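Morning, everyone. I have one structure to walk through today. Please have the sequence and the coordinates open.

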Amino acid sequence: MPEELVVSRTLVIPATELRERFSRSSGPGGQGVNTADSRVELSFDVEHSPSVPDELRPRLLARLGSRLVDGVVTIAASEYRAQLANRAAARERLATLLRQAAEPPPPARRPTKPSRRAKERRITAKKQRGETKRGRRTPPAE
């Protein structure tokens with residue numbers, strides 16, 4: 001298992017800042033599932049971590065807000081029978097989550113208006129559709 005978690009060029013998390021907890025998994029494994037602690041909970045303190053750059057921290061906190069508990073993000077992995085495989089899966093999922101949260105915001109949308117010709121086409125199409133429906137009506141009984 002690598003010592004540090006590389007999220008991006010600017011964000012590398014040392015192993016000392018990651019907390020791992022192991023527990024019994026509910027997934028596949030037969031009788032071994034009752035004895036082996038293969039489930040992994042990987043926690044990382046986003047709010048107080050010295051490895052998170054100061055200009056990146058507010059973006060991470062804002063985007064991960066719903067997943068944070070007291071500034072700590074936790075990932076649980078129990079899809080594999082082996083603890084080592086679950087540890088690798090949890091680390092990869094944490095790196096992906098932090099990578100997506102650290103992306104810069106998309107450029108602001110420039111508001112546009114439909115052209116005059118587009119407005120005319122729309123009105124013409126609406127009138128044509130109205131004429132079609134009007135032609136389907138039965139004449140009023142006299």
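I'll take the sheet, then the helix across it, then the core, and finish with two individual residues.

One caveat up front. This is a predicted model.

Start with the sheet. It is open, it has four strands, and the order is E3-E4-E6-E5. The pairing is antiparallel. So which strands stand at the edges? They are E3 and E5, the latter being residues 68-69. Each has a single partner strand, so one side of each is left without a neighbour in the sheet.

Now the pairings themselves. E3 covers residues 18-23, and its antiparallel pairing with E4 runs over six bridges. If you want a register marker there, take Glu20, whose bridge partner in E4 is Leu42. Next, E4 with E6. E6 is residues 72-77, and this antiparallel pair also has six bridges. Two markers here. Val40 is opposite Ala77 of E6. Phe44 has Val73 as its bridge partner in E6.

Stay on E4 for a moment. The strand spans residues 39-45. How many of its seven residues are buried? Five are, so E4 is largely enclosed by the rest of the structure.

On to the helix. H2 runs over residues 83-102, which is 20 residues. From first C-alpha to last, H2 reaches 28 Å. At 1.5 Å a residue, the expected figure is 28 Å, so the two are close.

Where does H2 sit? It lies across E3, E4 and E6, and it runs at about 140° to E6. Its buried residues are Asn86, Ala89, Ala90, Arg91, Leu94, Ala95, Leu97, Leu98, Ala101 and Ala102. What covers those residues? The cover includes three strands of the sheet, E3, E4 and E6. It also includes strand E1 at 5-6, strand E2 at 12-13, and helix H1 at 57-63.

That leads to the core. The largest nonpolar core has 25 residues. The members that touch the most other members are Ile13, Phe44, Val46, Leu60, Leu94 and Leu98. E4, E6 and H2 each supply at least two residues of this core. H2 gives the most, with eight.

Pick one of those members, Ile13. Leaving aside residues up to four places away in sequence, Ile13 touches Glu4, Leu5, Val7, Leu18, Phe44, Ser51 and Leu98. Phe44 and Leu98 are on the list of best-connected core members too.

Now two residues on their own. First, Arg57. This arginine lies in helix H1. Buried or exposed? Its relative accessibility is 15%, so Arg57 counts as buried, the cut-off being under 20%. What does its side chain reach? One target is the backbone oxygen of Glu47, at 3.2 Å. Another is the backbone oxygen of Ser49, at 3.0 Å. Outside the residues up to four places away in sequence, Arg57 touches Val46, Glu47, His48, Ser49 and Val52. Val46 is one of the best-connected core members I listed.

Second, Ser25. This serine lies in the loop between E3 and E4. Its relative accessible area is 7%, so Ser25 is buried as well. For a distance to check on screen, go from Ser25 to Thr74. They are 49 residues apart in sequence, and C-alpha to C-alpha they are 16 Å apart in space.

That's my tour. Over to you.

Key:
Residues are numbered from 1 along each chain as its sequence is written. This is a predicted model: local features need pLDDT of at least 70, side-chain atom pairs count only at pLDDT 80 or more; totals for chains, interfaces and linings use all residues. Side-chain values use heavy atoms; hydrogens and water are left out. Buried means under 20% relative accessible area, exposed over 50%, partly exposed in between (1.4 Å probe, protein chains only). Two strands pair if DSSP finds at least two bridges between them. The expected span of a helix is 1.5 Å times one less than its number of residues. Contact means heavy atoms within 4.5 Å. A polar contact is a pair of N or O atoms within 3.5 Å; within protein, one must be able to donate a hydrogen and the other to accept it, and residues adjacent in sequence count only if both atoms are side-chain atoms. Axes are lines fitted to C-alpha atoms, for helices over the stretch in contact, and angles run from 0 to 180 degrees between N-to-C directions. A nonpolar core is a set of buried Ala, Val, Leu, Ile, Met, Phe, Trp, Tyr and Cys residues joined through side-chain atoms within 4.5 Å.
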